[in-house]
Amino acid sequence: SFSYSANYWTTNNILTPGGEANPTNISGNNADAKYDVYNYATGNQILGIFLGVDFTGKGGAYPGNSYGFAWAETTTTTVPFGGTNASTSYYSPYLNPSAATIDLRSYSAGTGANCPSTPGTLLSLLGGAPERCLIKQPKVTYDASEAPYSVIGNGIFSSQNYIQFFGFNYTNSQRTGYNVRWGLGWNENSQFNEASPDVSGGIGGSWGKQAGDRISCCTAASGKNAQMAFEMYVRNTSTSLIPATASLFAGTPSPGGGTVGLTTANTTWTATAVNNSNGGSPLTVTGTGPLTISGANPNDSITVTLTYTADPGYSGYGTLTYSFFASNGSATIDSGLLSGLSETSYRTLSPIATLITGTPGRVSYYAKPVVGPRKIIAKCKNRATTVNVPYSSTCFWKPSFRGAVTITVEFTPTNNGYLSVTKSFVINVARRIGSR
């Protein structure tokens, strides 16, 4: 399915093996498959693994791994191979014969072009726009000390003494049967002669096999000369790989429903809501954060579920839930000195009366002088209101400050269908009149 000319390389289609209910299989089964990660996941690193035999000790990017012989490369550091875009002074440590630098323009069987410098999809990398993009010229014989790893491995891929291309989209206008999407190009005749290659290898070959090693003649080192199964992966390390995250938090419930805040990072998400007080019936969800949930009755129990998945280039997925009660809105409170005045005296009993409409609950009273922190008024924390209409509460306050004192009254409703309410006002505390 994945020979060089297959449209799976150049088109954003997928190939799902039979029997897969969902197009995601990470078990490594023996089937041709292409998933949407190839088409849409942005990355700057590519991993290819050749399977089928034990490759332990054979070289590759992970020489201690017995799962397969591996190539692991950065996609954004390649250079054009041949043509006017190519470097005139490329450093090639394994060139045969050895040279400090060479002129890559001298490779004349094609023009290197569009070699990426920023992360992209595998579709954009291997689909044909980048052409003859050289990763490096590898050593022609196996050497365990080759940096960063031996590309051909010990008996895995074949080689010849010249061209020494390892990279993306090797095309040869003089002998197209050796084109390859990701892999190797060789010849044995002379340093810049691409006219008659006899060896190739890699993924997406044009020699009749979708991946593996091919020998026609005249090797410097001989590999498997066979088709090999492969797996290919992409990832993005060019940015901080922040896990996909999302969170729900309480908002301000509105009459007959409620709103829920939403924060996300690098995610795509959907939200649903149900009315737990009505058999789990669905509610209408609108907005993109905060969310607005409508269709519930006051005091109904509501559960919002947020399902999110990572955007391209990131990882993570999850489901979050948040529950709250539909609201009647806010209760109202009216509070002040029982005397109705806005002034009292130092150390004088000064009852503060509060009237509440809507629902009973509990009230806390705080006093703050002009200078100094706010403090709870003694014996006035979390005081229950009367249980019958009119709902009320009284705090018996003896001011311990002089001057302007800010009184804050905080009301928490007993009924879940109402919101908490806070009210503040200022009382002027004068010197005490008369002697003690």
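Is C218 buried, partly exposed or exposed? C218 is partly exposed, with a relative accessible area of 38%. Here buried means under 20% relative accessible area, exposed means over 50%, and partly exposed lies in between (1.4 Å probe, protein chains only).

## Basis of the model

This is a predicted model, in which local features need pLDDT of at least 70 and side-chain atom pairs count only at pLDDT 80 or more, while totals for chains, interfaces and linings use all residues. Residues are numbered from 1 along each chain as its sequence is written, and side-chain values use heavy atoms, with hydrogens and water left out.

## The disulfides

The whole structure was searched for disulfides (pairs of cysteine sulfur atoms within 2.5 Å), and three were found. When the bonded cysteines of the protein chain are numbered in sequence order, they pair as 1-2, 3-4, 5-6.

One disulfide is formed by C115 and C133, with sulfur atoms 2.2 Å apart. This pair links distant parts of the chain, 18 residues apart: C115 is in the loop between β5 (101-102) and α2 (122-126), and C133 is in strand β6 (residues 133-136). Helices (H or I, at least four residues) and strands (E, at least two) are DSSP runs, numbered from the N terminus. The link of C115 and C133 is left-handed, with -100° about the S-S bond. C133 has 0% relative accessibility and therefore counts as buried.

C218 has C217 as its disulfide partner, and their sulfur atoms are 1.8 Å apart. C217 also counts as partly exposed, because its relative accessibility is 30%.

Another disulfide joins C380 to C395, with an S to S distance of 2.1 Å. C380 lies in the loop between β24 (375-376) and β25 (383-384), and C395 lies in strand β26, so the disulfide ties together parts that are 15 residues apart in sequence. The torsion about its S-S bond is about 95°, which means that this disulfide is right-handed. Both C380 and C395 are buried.

## The sheet that contains β26

Strand β26, which holds C395, belongs to an open sheet of three strands in the order β20-β22-β26, with antiparallel pairing. Two strands pair if DSSP finds at least two bridges between them. Why is one side of β20 and of β26 left without a neighbour in the sheet? β20 (332-337) and β26 (391-397) stand at the edges and each has a single partner strand, so one side of each has no neighbour there.

Neighbouring strands of this sheet are turned by 15° against each other on average, direction ignored. Such angles run from 0 to 180 degrees between N-to-C directions, and the axes are lines fitted to C-alpha atoms, for helices over the stretch in contact. β20 pairs with strand β22 (residues 350-357) in the antiparallel sense over six bridges. In this pairing, D334 of β20 stands opposite L355 in β22.

## Strand β9 and its partners

Strand β9 (residues 199-205) is largely enclosed by the rest of the structure, because seven of its seven residues are buried. Five bridges join β9 to strand β8 (residues 180-187), and the two run antiparallel. G183 stands opposite G202 in β9.

β9 also pairs with strand β10 (residues 211-215), in the antiparallel sense and over five bridges. The bridge partner of V199 in β10 is I215. β9 and β10 form a hairpin with five residues between them, and G208 in the turn has a positive phi of about 100°.
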